[in-house]
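Walk through this model from a single helix pair out to the whole assembly. Keep the sequence and the coordinates side by side as you read.

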There are 2 protein chains.
Amino acid sequence: MKELNPLLHSQLRLAVMSILMNVEEADFVYLKEKTESTAGNLSVQLDKLLSAGYISVEKGMAGKRPRTICSITPAGRNAFEEYVEALKSYLNL
Amino acid sequence: MKELNPLLHSQLRLAVMSILMNVEEADFVYLKEKTESTAGNLSVQLDKLLSAGYISVEKGMAGKRPRTICSITPAGRNAFEEYVEALKSYLNL
DNA sequence: TAATTCAGTTTATAATATAAACCAAATTTT
DNA sequence: AAAATTTGGTTTATATTATAAACTGAATTA
């Protein structure tokens, strides 16, 4: 049986990647709302995806407030697609 | 976003359930080989699936050696199918 | 100016997965 | 016929992971 990339096999990280697969970019607040996660958890998981090179993170300012914008990288896209293929073999799809 | 049943969202438990979805029954040794897991890990995860009521486990003898036979329960089948539906919403399938 | 909110990060804790160590019975080796 | 090895597991300890709680610094409101 194929291995399931443990970095992607996590509900929150998978949710983030799933969102980022479908949009150009998404900011911290949006991801937090969509995934219904706490800020702390999201922050940690984004760091892991960043360290893996699966997403890129731009920390800037929107007016006077901080704004963190995330987007998926080609490596992330690739990993996600491989993960989906591997999962299919478990799900009978 | 839908919740992913944490009992099924684990590589080894999912692998076991995936196998049991497709066969009448499977014994410990077979599951261990197919999933390439250690006996200890498999034993622990089978216990969890048993406690959840997702599988049934019959401990008997095959000739002179112990033999543990597992099969999926209706509740397990149900949970697996719901898990697959939930996952689909993450994977764009 | 003191309390509140916003957008996060850091750190501590709880939960989980995994392997190492163990056990009893059967089998093989010397 | 002991002694060592294998088989089919279980129990327990450890490493990893996920999660929330506590914190920070700047902006906003009361």
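Two residues count as in contact if their C-beta atoms, placed from the backbone, lie within 7 Å. Hold on to that cut-off, and remember that this is a predicted model.

Begin inside chain B, with helices H1 and H3. By the contact rule, Leu12(B), Arg13(B) and Val16(B) of H1(B) meet five residues of H3(B): Asn41(B), Gln45(B), Leu46(B), Lys48(B) and Leu49(B). Sorted by class, this contact holds four nonpolar, two polar and two charged residues.

Now look at the geometry of the pair. Two packed helices are described by the angle between their axes and the distance between the axes. H1(B) and H3(B), the latter covering residues 39-51, pack at about 70°, and their axes lie 10 Å apart. An angle of 65 to 115 degrees counts as roughly perpendicular. H1(B) and H3(B) are therefore roughly perpendicular to each other. The crossing of H1(B) past H3(B) is right-handed.

Turn to chain A. Its secondary structure comes to four helices and three strands. Along the sequence they run in the pattern α-β-α-α-β-β-α. The C-alpha trace of chain A spans about 50 × 25 × 20 Å along its principal axes.

Find the H1 and H3 pair here too. H1(A) and H3(A) pack at an angle of about 70°, with 10 Å between their axes. That makes H1(A) roughly perpendicular to H3(A). Their crossing is right-handed. From H1(A), Leu12(A), Arg13(A) and Val16(A) take part in the contact; from H3(A) come Asn41(A), Gln45(A), Leu46(A), Lys48(A) and Leu49(A). The residues of this contact divide into four nonpolar, two polar and two charged.

How are chains A and B related? A rotation of 180°, with 0.0 Å of shift along its axis, superposes chain B on chain A at an RMSD of 0.0 Å. That is the relation of a two-fold axis. In chain B, the C-alpha nearest the axis belongs to His9(B), at 3.9 Å.

Next comes the interface. How many residues of chain B are in contact with chain A? There are 16 in chain B, and they touch 16 residues of chain A. On the chain B side, the elements that give two or more residues are H1 (11-22), H2 (28-35) and H4 (74-91). H1(B) gives the most, with five residues. By class, the chain B side has 10 nonpolar residues, five polar and one charged. Of the interface residues of chain B, 100% are also interface residues in chain A, so the copies meet through the same surface.

Finally, follow the DNA, starting with strand C. This strand is surrounded by 21 residues, and the closest are Phe28(A), Gly40(A), Thr68(A), Ser10(B) and Gly40(B). The elements that give two or more residues to this surface come from both chains: H2 (28-35), H3 and strand S3 (65-72) of chain A, with H1 and H3 of chain B. The surface near strand C has eight nonpolar, eight polar and five charged residues.

Strand D completes the tour. Which residues are closest to DNA strand D? They are Ser10(A), Gly40(A), Phe28(B), Gly40(B) and Thr68(B), out of 21 residues that surround this strand. Here the elements that give two or more residues are H1 (11-22) and H3 (39-51) of chain A, together with H2, H3 and S3 (65-72) of chain B. The residues of the surface near strand D divide into eight nonpolar, eight polar and five charged.

Definitions and conventions: Residues numbered from 1 in each chain as written. Chains lettered and ligands numbered in written order. Predicted model: local features only at pLDDT ≥ 70, side-chain atom pairs only at ≥ 80, totals over all residues. Nonpolar A, V, L, I, M, F, W, Y, C, P; charged D, E, K, R; others polar. Axes fitted to C-alpha atoms, helices over the stretch in contact; angles between N-to-C directions. Parallel < 35°, antiparallel > 145°, perpendicular 65-115°, else oblique. Left-handed = near helix turned anticlockwise from the far one by under 90°. Near = placed C-beta within 6 Å. Least-squares fit on C-alpha atoms with pLDDT ≥ 70 in both.
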